[in-house]
Structures are given as structure tokens and as C-alpha cells.
Amino acid sequence: MNIITGLIVTALTIVALGISGMAEGPQPAASYYWILLFGVWFIGLVMQLKKSTRVIGLVITFLPILYFVSLFAIEFL
């Protein structure tokens, strides 16, 4: 499960970093925003390694996936 969510978050973060440079004005801070989503996923992964924080780590791991799914739903539906 962690490998699948990690691959999805990593791939979408790389795509988002590429797309964020296509804006009309230079916005260097916008590209760092997408790296935060990968950071949130990584923190959730690390929290899953400790038995007492495993459940909250699983929830935190899925937050970036839910964010990307909501962006897709708002944009295309």
C-alpha cells in the first residue's frame, strides 16, 4: 500500500512541478508547494513504522492522494 501511494504521490508531484513552471508570471514559490505534499506523505510513512502512531500515519499517508483526487474531481467533473 505504501509503495503504491508513494509512486502515485511522487509521480504527481513531479508532474505538478513541471506544470507549475508554465504560468505566465514567474512564481518560484509555487513549485515548492508541491514538494510539501511529498513531505506529508513521507512523514506519514515514517509514522507508520512506530506501532503507537501507525493508524495516524496511515491517514496522513493518504492526505496527498485525497488532495490530488479532489483536484482531479473539481477540474474534470
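Here is a walk through the structure above, from the whole chain down to a few single residues.

Start with what kind of model you're looking at: it is predicted. The chain's average pLDDT is 79, and 79% of the residues score at least 70. That confidence isn't spread evenly. Helix 3, covering residues 54-76, comes out highest with a mean of 86, while helix 1, residues 2-20, comes out lowest with a mean of 76. Keep a general rule in your back pocket: where pLDDT is low, the predicted coordinates shouldn't be read in detail.

Now for the overall layout. You'll find 3 helices and 0 strands in the chain, so to speak an α-α-α run when you read from the N terminus on. Of the 77 residues, 23% are buried. The chain exposes about 5700 Å², and carbon and sulfur atoms supply 79% of that area. How do residues that are far apart in sequence come into it? Take the contacts between residues at least 6 apart in sequence: 55% of them join residues at least 24 apart.

Let's zoom in on helix 3, starting with T61, which sits in that helix. Is T61 buried or exposed? Its relative accessible area is 1%, and because anything under 20% counts as buried, T61 is a buried residue. Look at what surrounds T61: leaving aside neighbours within four places in sequence, it is in contact with N2, T5, W41, G44, L45 and Q48. With one of these, Q48, T61 also makes a polar contact, side chain to side chain, at 2.7 Å.

Another name on that list, T5, deserves its own stop. T5 belongs to helix 1, and T5 is buried too, with a relative accessible area of 4%. Which side chain does the side chain of T5 meet in a polar contact? The partner is the side chain of W41, 3.0 Å away. If you skip residues up to four places away in sequence, T5 touches W41, T61, F62 and I65. So T5, in helix 1, touches T61, which is in helix 3.

Next, follow T5 across to F62, also found in helix 3. F62 is partly exposed, with a relative accessible area of 26%. Not counting residues up to four places away in sequence, F62 touches M1 and T5. There's also a distance to check on screen: F62 and G44 are 18 residues apart in sequence, and their C-alpha atoms are 8.2 Å apart in space.

Further along helix 3 is Y67. At 26% relative accessibility, Y67 is partly exposed, because that value falls between the 20% and 50% cut-offs. Once neighbours within four places in sequence are left aside, Y67 is in contact with Y33, W34 and L37. As for L37, it is 30 residues from Y67 in sequence, yet the C-alpha to C-alpha distance is 8.8 Å.

Finally, turn to the surface. A nonpolar patch there is formed by V40, V55, I56, V59, L63 and L66, which together have about 530 Å² of accessible area. Which element gives the most to the patch? That's helix 3, with 5 residues. I56 is one of the patch residues; I56 is found in helix 3 and is partly exposed, with a relative accessible area of 44%. Helix 3 therefore holds both buried T61 and partly exposed I56.

Technical notes. Residues are numbered from 1 along each chain as its sequence is written. This is a predicted model: local features need pLDDT of at least 70, side-chain atom pairs count only at pLDDT 80 or more; totals for chains, interfaces and linings use all residues. Side-chain values use heavy atoms; hydrogens and water are left out. pLDDT is the predictor's confidence in each residue, from 0 to 100. Helices (H or I, at least four residues) and strands (E, at least two) are DSSP runs, numbered from the N terminus. Buried means under 20% relative accessible area, exposed over 50%, partly exposed in between (1.4 Å probe, protein chains only). A polar contact is a pair of N or O atoms within 3.5 Å; within protein, one must be able to donate a hydrogen and the other to accept it, and residues adjacent in sequence count only if both atoms are side-chain atoms. Contact means heavy atoms within 4.5 Å. Patches are made of residues with over 30% relative accessible area and no salt bridge: like charges are joined within 9 Å, nonpolar side chains (Val, Leu, Ile, Met, Phe, Trp, Tyr) within 5 Å. Accessible areas come from the Shrake-Rupley method with a 1.4 Å probe; for residues, only the protein chains shown count as cover. A salt bridge is a side-chain nitrogen of Lys or Arg within 4 Å of a carboxyl oxygen of Asp or Glu.
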